[in-house]
Amino acid sequence: MKSTLAFLSYTAAARATGANICCAQLQDALDTKITLPGQSTYNTTENSYWSLQEANLQPGCILRPSSPQDVAKAVSIIVGVDGCTFAIKGQGHAPAAGFANIDGGVTFDMTSLDSTVLSHDKSVLSVGAGASWLQVYEYLDPYNLAVAGGRNGLVGVGGLTPGGGISHFSPRVGWACDNVVNFEVVLGDGTLTNANQTSNSDLYRALKGGVNNFGVVTRFDLATFPQGNLSVTKLAHDISQRKAVFQAFTDIVVAPKFDVDTSLVTVLLYNSTSKAWVISNSAVYTQPVVNPPVFAELAAVPSVSNSSEITSLAAYAKEAATPPLNWLFATATFKPSAKFMLDIFDILNGTLYSFNPEGGIVWSIALEPLPAVLVSHAAKTGGNVLGVSPEDGNSYVMLLSALWPNSASNPAVDQISREPVAKIESQARAKGLLQKFQYINYAAPYQKPLASYGAKNLEFLKGVSKRYDPEGVFQTRVPGGFKLA
Ligand SMILES: Cc1cc2nc3c(=O)[nH]c(=O)nc-3n(C[C@H](O)[C@H](O)[C@H](O)COP(=O)(O)OP(=O)(O)OC[C@H]3O[C@@H](n4cnc5c(N)ncnc54)[C@H](O)[C@@H]3O)c2cc1C
């Protein structure tokens, strides 16, 4: 009661809304695990978002749970208070406003649940849902083990995994979500349960692609595999070399037998201030092989810089934090065609070249192979809901992203960013090169990634939601992210 009184004196306005009544009740039940605006832990969470759009939202209070039971208790309290809403935050790398933070509601900052525990036989790593991939890799490296996770160390296990998750190892073992053997999850009525191949198997499948629509995941149990050092080649090419680079990229994607140790990201970078395009490639081979033959064609293209090293997964995943900036993502998936990649560049250049908001903007268009072999692994572990199958053939995913410092430009950036995506999609569709799949972890808020999984998968997801969350807590009380309706 003392903490309730302290909370109510915090601001007169606090008494008015459901959200603040809810924060007061949460404080009573969870004490110092709840922090309020102005407190240092509250600010730590607010400053930890990757995008300014997320960091600028102001939750009424923030929960930093110490246990899954704290999460369960918090959900039970929240659903009992009319008008109380919440957001779930992992490592805060989804750029769009409201995906993992919330104005006036309660933000669950799951980063306080970041334990890593290896099973006795070392086949399964249990990871607290708030951990970063770097924490996971630093823990596993000394054992010469790895799991399928994000390529950048600061990205969260909590957001990447239920959205699919493209890993360096995905051609070898599948999406990150296909490598989850068990989810520990808090449902909308506050029940703490597990979902795996034998228990709640429908929820298990739904959580592999269904993001935050079913519960708050508190722990991921991930299948490990033996892994030593990687080969990492970084290549930068002048934009005039794009035809040869696109051909080399396409030849890798369409190879009759995709080399499953290949992890390639080819990025078109454009800086509006210098008006310069450059191509950068991160060519990773998941074996300690110098100059792996799979990248020979790419490496033969005259480059402006070329460096190679054999390094550990953790060392490569370690990245410097970026300064606070505005970011956006949008995505599409295509059948391979070097010729169409040239069209993609022409559309990007035609639509983005002259746009130079105050403070400048950097566009980054990442192209990532999605070979049929990658999506073939899902069947071994009960399937997922992403709606991509080996029959779709080899593809590649485009992640269009932008970063810019000046928040006053946000509406203009949002508007202009839609232009190239729409044009590229329309031309790809006309040429029979557009795949229906929109990767949810790369999608813009205006896109429809859950619908892109196909009608059958979407219906399945809605059914699972009705069974496990009949009150629709994760549809209405957790408004952030892509919803099923
Ligand atoms: C620099 C960078 C590198 C990236 N690299 C990769 C990559 O290699 N491969 C790849 O596939 N993707 C990559 N991504 C995309 C990434 O998968 C998504 O941005 C992902 O959402 C980030 O997860 P997070 O926990 O950091 O984000 P958050 O913003 O914290 O969460 C993202 C979403 O997941 C939900 N969520 C988070 N935790 C939980 C939980 N415990 N239970 C239920 N829902 C939860 C949130 O509510 C939110 O809607 C990258 C993104 C960035 C910015």
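**Exercise 1. Identify the residues that line the largest cavity of this predicted model, and state which elements supply two or more of them.**

*Solution.* The lining of the largest cavity consists of Arg-151, Ile-166, Ser-167, His-168, Pro-171, Phe-258, Thr-262, Ser-263, Leu-264, Glu-368, Pro-369 and Leu-374. Two elements each give two or more residues to this lining, namely strand 13 (262-271) and strand 17 (362-370). Strand 13 holds the largest share, with three residues.

**Exercise 2. Describe the lining of the largest cavity by residue class and by domain.**

*Solution.* Begin with the classes: six lining residues are nonpolar, four are polar and two are charged. Then turn to the domains: at least three residues of the lining come from domain 2 (116-226), and at least three from domain 3 (230-311 + 322-452).

**Exercise 3. Determine how many cavities of 30 Å³ or more the structure contains, and give the volume of the largest cavity.**

*Solution.* Rolling a probe the size of a water molecule over the atoms shows where empty space is left. Searching the whole structure yields one cavity of 30 Å³ or more. The volume of the largest cavity is about 80 Å³.

**Exercise 4. Characterise the shell of residues around the ligand, including its composition by class.**

*Solution.* With a cut-off of 4 Å between heavy atoms, the shell comprises 29 residues. The closest of these are Ile-88, Gly-90, Arg-151, Ile-166 and Tyr-439. Arg-151 and Ile-166 also appear in the lining of the largest cavity. Sorted by class, the shell has 14 nonpolar, 13 polar and two charged residues.

**Exercise 5. List polar atom pairs between protein and ligand, then state how much of the ligand is covered and which elements contribute to the shell.**

*Solution.*
1. At Gly-156, a backbone N or O atom is 2.9 Å from a ligand oxygen atom.
2. At Gly-158, a polar backbone atom lies 3.3 Å from a nitrogen atom of the ligand.
3. At Tyr-439, an N or O atom of the side chain is 2.5 Å from a ligand oxygen atom.
4. On its own the ligand has 950 Å² of accessible area, of which the protein covers 95%.
5. Strand 3 (86-89), helix 7 (157-160) and strand 10 (216-223) each give two or more residues to the shell. Helix 7 provides the largest share, three residues.

How values were computed
Residues are numbered from 1 along each chain as its sequence is written. This is a predicted model: local features need pLDDT of at least 70, side-chain atom pairs count only at pLDDT 80 or more; totals for chains, interfaces and linings use all residues. Side-chain values use heavy atoms; hydrogens and water are left out. A polar contact is a pair of N or O atoms within 3.5 Å; within protein, one must be able to donate a hydrogen and the other to accept it, and residues adjacent in sequence count only if both atoms are side-chain atoms. Accessible areas come from the Shrake-Rupley method with a 1.4 Å probe; for residues, only the protein chains shown count as cover. Helices (H or I, at least four residues) and strands (E, at least two) are DSSP runs, numbered from the N terminus. Ala, Val, Leu, Ile, Met, Phe, Trp, Tyr, Cys and Pro count as nonpolar, Asp, Glu, Lys and Arg as charged, and the others, Gly among them, as polar. On a 1 Å grid over the protein atoms alone, a cavity is a set of points where a 1.4 Å probe fits but cannot get out, and a pocket is an open set with protein on both sides within 12 Å along at least five of seven lines; lining residues have an atom within 4 Å of a point. Grid points are joined across faces, edges and corners, and a volume is the space filled by probe spheres set on the points. Domain bounds come from an automatic or database domain assignment.
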